[in-house]
Amino acid sequence: MKEYLKVANDPMLWLMCLPVVAVVGIQAIIFSKKAFASANSVQLTKKEAKDAFRIGAISAIGPAVAVFVVMLGMMAVIGAPMTWLRLSIIGSAPAELAASTMGAKAMGVEFGGEGYGVIEYANSVWAMTLNGIGWLLFCGLFTHKLDGLRNKISKGDSKLTGEIGGAAMLGAMAYLVGGHLIAGSGNLVAALVAGIAMILLGKLAEKLPKLAEYNLGIAMVIGMVAAVLYVG
Amino acid sequence: MENNKNQAYYEGFTKPIIKTGRWTLFLAVALCFLPAIYLWIRYGALPPIGAILTGWFLIASIYGSYYFIEPISFFPILGVAGTYMSFLAGNIGNMRVPCAAVAQEALKVEPGSEKAELVATLGIAGSIITNLIVVTIAAIAGNGLMQLFPPVVIKAFEFVLPAIFGSMFAMFAVKYPKYGAFAIGLTLFLLGVVKVLPVYILIPVCVFSTIIFATTSYKKKAKQQ
């Protein structure tokens, strides 16, 4: 094992990473409580509120397992505690690995290569930290201002807000899926098959409403299986 | 009456959410520095300030524009509460947005309504708890557990992102076929034909062009009626 990895897996470092992970959980719990408390005022029953939470929790399993797979590679280079912290908050494996690389570069060495020791690792940690706070600071400072902006555009017309939300979703997902369509091969197959499966499942869910909450998970697995079969 | 209700919702939900959202985000910013400070105190590993700033500059030159472009672009989808949660917990396009949308779809809420926002909030909160559990298990026991997965399953997870994005796109394209056709046509044109635009321009162009297209056709339709 490389010398710096002993430091990167220092048991005390887990304790230093714990508070941020805890804030993420605490915020989610506070927000849920507030949503429950306000449910009555918008005709949301307690059962529906519980269902919403449960559906979110179940739907996240597939994507979370994908994060799991990516994490392991990251743990091998930046240690388990920092991987735990970084992937519990905003950021992604590519962003964190890029930040680590830039931190090493700023110290004049290759990330994980010759001469990458404890102090170089520390600089990678600084780079990941400073990069990650960019989103947090912007959202902490300006999210409530964005709300004012949205209300100005839709002028309180909730139907228009809904249309805008749907359009924004399609724009974002078109962008996200577009690269995979152009990449072709397994990525194209996964995107197309999952999309078609979703449309068919949506039709089926009109007859079996209970199915709706599993649609995304099922469509995802069908797309993944098709892609694996295609690439062999 | 309608206005009164909106006001009650604002006072009872949105306002406290903004307060909590802000302090949790700023607290997280401060706490993020703990590992770096620990490495300094315990191991004396404090890089020269010049190296820290250089590293920051290098990475910010790649990601800096995302700090504000992503929150602005995703805001029409996530709303206030969703933005505070999603930009703290991350995994936005691949986890928070899909989970919020599935919860809304399953409970058949009217898009854009306050009820829809609460359902999205709860769906996102549920997804965050799942994510924390999985990430914690992976960090502690990941390497051992990995051997339990057959290689073909690992291989399949290489395709998880196109599968999620493809099904999410389809789910909404069924609801708004015109907007969907516009969005995918524009994206493929920009990615496949124009090719030169950097990502930090592509995301807002795709999102906001589709919004403008939708708003214009919505208003046109409203006028005709």
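These exercises work through contacts, salt bridges and ring pairs in a predicted model.

**Exercise 1. The contact between the chains**

Task: Describe the contact between chain B and chain A by residues, buried area and composition.

Solution.
- Step 1. Take the residues. Chain B contributes 144 residues and chain A contributes 136 residues.
- Step 2. Take the area. The two chains bury about 12,800 Å² between them. Carbon and sulfur atoms carry 81% of that.
- Step 3. Find the top contributors on chain B. Leu122(B), Phe159(B) and Tyr218(B) supply 6% of the area that chain B buries against chain A. No other three residues supply more.
- Step 4. Count the polar links. There are 16 residue pairs in polar contact between chain B and chain A, with both residues at pLDDT 80 or more.
- Step 5. Locate the chain B side. Helix α6 (residues 114-146) of chain B gives the largest share, 25 residues.
- Step 6. Sort that side by type. The residues of chain B that touch chain A divide into 105 nonpolar, 31 polar and 8 charged.

**Exercise 2. Charge pairing across the contact**

Task: How many salt bridges run between chain B and chain A, and which residues form a salt bridge there?

Solution.
- Step 1. Count. Between chain B and chain A there is 1 salt bridge.
- Step 2. Name the partners. Lys115(B) pairs with Glu48(A).
- Step 3. Check the distance. The closest N and O atoms are 3.5 Å apart. The cut-off is 4 Å, so the pair qualifies.

**Exercise 3. Salt bridges within the chains**

Task: Take three salt bridges inside the chains and give the accessibility of their partners.

Solution.
- Step 1. Set the total. Over all chains the count comes to 10 salt bridges.
- Step 2. Start with Glu213(A) and Arg54(A). Their side chains meet at 3.0 Å, N to O. Glu213(A) lies in the loop between α9 (185-207) and α10 (215-231) of chain A, and Arg54(A) lies in helix α3 (residues 46-59) of chain A. The two are 159 residues apart, so this pair links distant parts of the chain.
- Step 3. Classify both partners. Glu213(A) has a relative accessible area of 9%, so Glu213(A) is buried. Arg54(A) has 30%, so Arg54(A) is partly exposed.
- Step 4. Move to Arg86(A) and Glu96(A). Their salt bridge spans 3.3 Å, N to O. Arg86(A) is in helix α5 (residues 80-86) of chain A, and Glu96(A) is in helix α6 (residues 93-106) of chain A, 10 residues apart. Both Arg86(A) and Glu96(A) are buried.
- Step 5. Turn to chain B. Lys155(B) and Glu158(B) meet in a salt bridge of 3.5 Å, N to O. Lys155(B) stands at 32% relative accessibility, so Lys155(B) is partly exposed. Glu158(B) stands at 52%, so Glu158(B) is exposed.
- Step 6. Look for shared partners. Salt bridges join Lys47(A), Asp51(A), Arg54(A), Lys210(A) and Glu213(A) into one network.

**Exercise 4. Aromatic pairs**

Task: Give the geometry and location of two ring pairs in chain A.

Solution.
- Step 1. Set the total. The whole structure holds 16 aromatic pairs over all chains.
- Step 2. Take Tyr4(A) and Tyr121(A). Their ring centres are 5.6 Å apart and their planes stand at 35 degrees, a tilted pair.
- Step 3. Place the pair. Tyr4(A) is in helix α1 (residues 3-8) of chain A, and Tyr121(A) is in helix α7 (residues 118-154) of chain A, 117 residues apart. Both Tyr4(A) and Tyr121(A) are buried.
- Step 4. Take Trp14(A) and Trp84(A). The centres are 5.5 Å apart and the planes are at 50 degrees, so this pair is tilted.
- Step 5. Place the pair. Trp14(A) sits in helix α2 (residues 11-38) of chain A, and Trp84(A) sits in helix α5 of chain A, 70 residues apart.
- Step 6. Classify. Trp14(A) is at 23% relative accessibility, so Trp14(A) is partly exposed. Trp84(A) is at 7%, so Trp84(A) is buried.
- Step 7. Extend to a cluster. Ring pairs link Tyr4(A), Phe111(A), Tyr116(A) and Tyr121(A).

**Exercise 5. One residue in its surroundings**

Task: Where is Thr161(A) found, and is Thr161(A) buried or exposed?

Solution.
- Step 1. Locate. Thr161(A) is part of helix α8 (residues 158-183) of chain A.
- Step 2. Classify. Its relative accessible area is 15%, so Thr161(A) is buried.
- Step 3. List contacts, leaving aside neighbours within four places in sequence. Thr161(A) touches Arg150(A), Ser154(A) and Gly112(B).

How values were computed:
Residues numbered from 1 in each chain as written. Chains lettered and ligands numbered in written order. Heavy atoms only, no water. Contact = heavy atoms within 4.5 Å. Buried area = accessible area lost by both parts, 1.4 Å probe. Polar contact = N/O pair within 3.5 Å; in protein donor to acceptor, adjacent residues only side chain to side chain. Helix = DSSP H or I, 4+ residues; strand = E, 2+ residues; numbered from the N terminus. Nonpolar A, V, L, I, M, F, W, Y, C, P; charged D, E, K, R; others polar. Buried < 20%, exposed > 50% of the residue type's maximum accessible area, 1.4 Å probe, protein only. Phe/Tyr/Trp six-rings, centres within 6.5 Å; stacked < 30°, edge-to-face > 60°.
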